[in-house]
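Visitor: Please take a close look at a single residue and the part of the fold around it. I would like one connected account, working outward from that residue.

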Amino acid sequence: MFSHAIGIDPADIDHMGHVNNSVYLRWVQEAVTRYWEKVAPAEAVAAHLWVALNHDISYRKPAFLNDRVVADVIAEQMQGARAFFSTVIRRGEDIVAEVRSIWCCLDSASKRPARLARDVVEKFLAG
């Protein structure tokens, strides 16, 4: 599991006084990207990009401006060029949101789907 600390900005707050639902997508993207950058070798990071194909978000509790929030990311599996992630956004012990996402790995030069080398997948899934 990889933990990514999240900063909440005043612009993230909606008219109801809590973090706008759309902000959670940005948080997931940041967390998954940081996870990839941490566990993958530098040459793999340079050679590949990630695009989200699907996000399934379950909102559990609202988050507010001064909350300390963390996204815990788990890369669950790879199928071809697709990666399946689970991200749990927490405020202390409280689960704020749970997100299941599917991402596609792209070759950074051609922008076409690309499979990762086996040794990279092993590090990625073990991260």
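Guide: The residue chosen here is Ser 86, and the model it belongs to is predicted. Ser 86 sits in strand S4, which covers residues 82–91. Its relative accessible area is 15%, and because that falls under the 20% limit, Ser 86 counts as buried. Leaving aside residues up to four places away in sequence, Ser 86 touches Asp 72, Val 73, Ile 74, Glu 76, Val 99 and Arg 100.

Several of these contacts can be placed by looking at the strands. S3 spans residues 69–79, and S3 and S4 are paired in the antiparallel sense over nine bridges. One of the contacts of Ser 86 is Asp 72, whose bridge partner in S4 is Val 88. S3 and S4 make up a hairpin with two residues between them, and Gly 80 in the turn has a positive phi of about 60°. Val 99 and Arg 100, also touched by Ser 86, fall within the range of strand S5, 94–107.

S3 also pairs with strand S1, residues 2–6. The two run antiparallel and are joined by five bridges. Within this pairing, Val 73 of S3 is the bridge partner of Phe 2, and Val 69 of S3 is that of Ile 6. Val 73 is also among the residues in contact with Ser 86.

The full sheet is open and has five strands in the order S1-S3-S4-S5-S2, with antiparallel pairing. S1 and S2 (48–59) stand at the edges with a single partner strand each, so one side of each has no neighbour in the sheet. From one strand to the next, the twist averages 25°.

Helices pack against this sheet. Helix H1, residues 21–39, lies across S1, S2, S3, S4 and S5, and runs at about 135° to S1. Helix H3, residues 118–126, packs on the sheet as well, where it touches S2, S3 and S4; its direction makes about 145° with that of S3.

The two helices also pack on each other, at an angle of about 125° and with their axes 9 Å apart. H1 and H3 are therefore oblique to each other, and H1 passes H3 in a right-handed crossing. H1 contributes Tyr 35, Trp 36 and Val 39 to the contact, while H3 contributes Val 120, Lys 123, Phe 124 and Leu 125. By class, this contact has six nonpolar residues, one charged residue and no polar ones.

Methods. Residues numbered from 1 in each chain as written. Predicted model: local features only at pLDDT ≥ 70, side-chain atom pairs only at ≥ 80, totals over all residues. Heavy atoms only, no water. Helix = DSSP H or I, 4+ residues; strand = E, 2+ residues; numbered from the N terminus. Buried < 20%, exposed > 50% of the residue type's maximum accessible area, 1.4 Å probe, protein only. Contact = heavy atoms within 4.5 Å. Pairing = 2+ DSSP bridges. Axes fitted to C-alpha atoms, helices over the stretch in contact; angles between N-to-C directions. Parallel < 35°, antiparallel > 145°, perpendicular 65-115°, else oblique. Left-handed = near helix turned anticlockwise from the far one by under 90°. Nonpolar A, V, L, I, M, F, W, Y, C, P; charged D, E, K, R; others polar.
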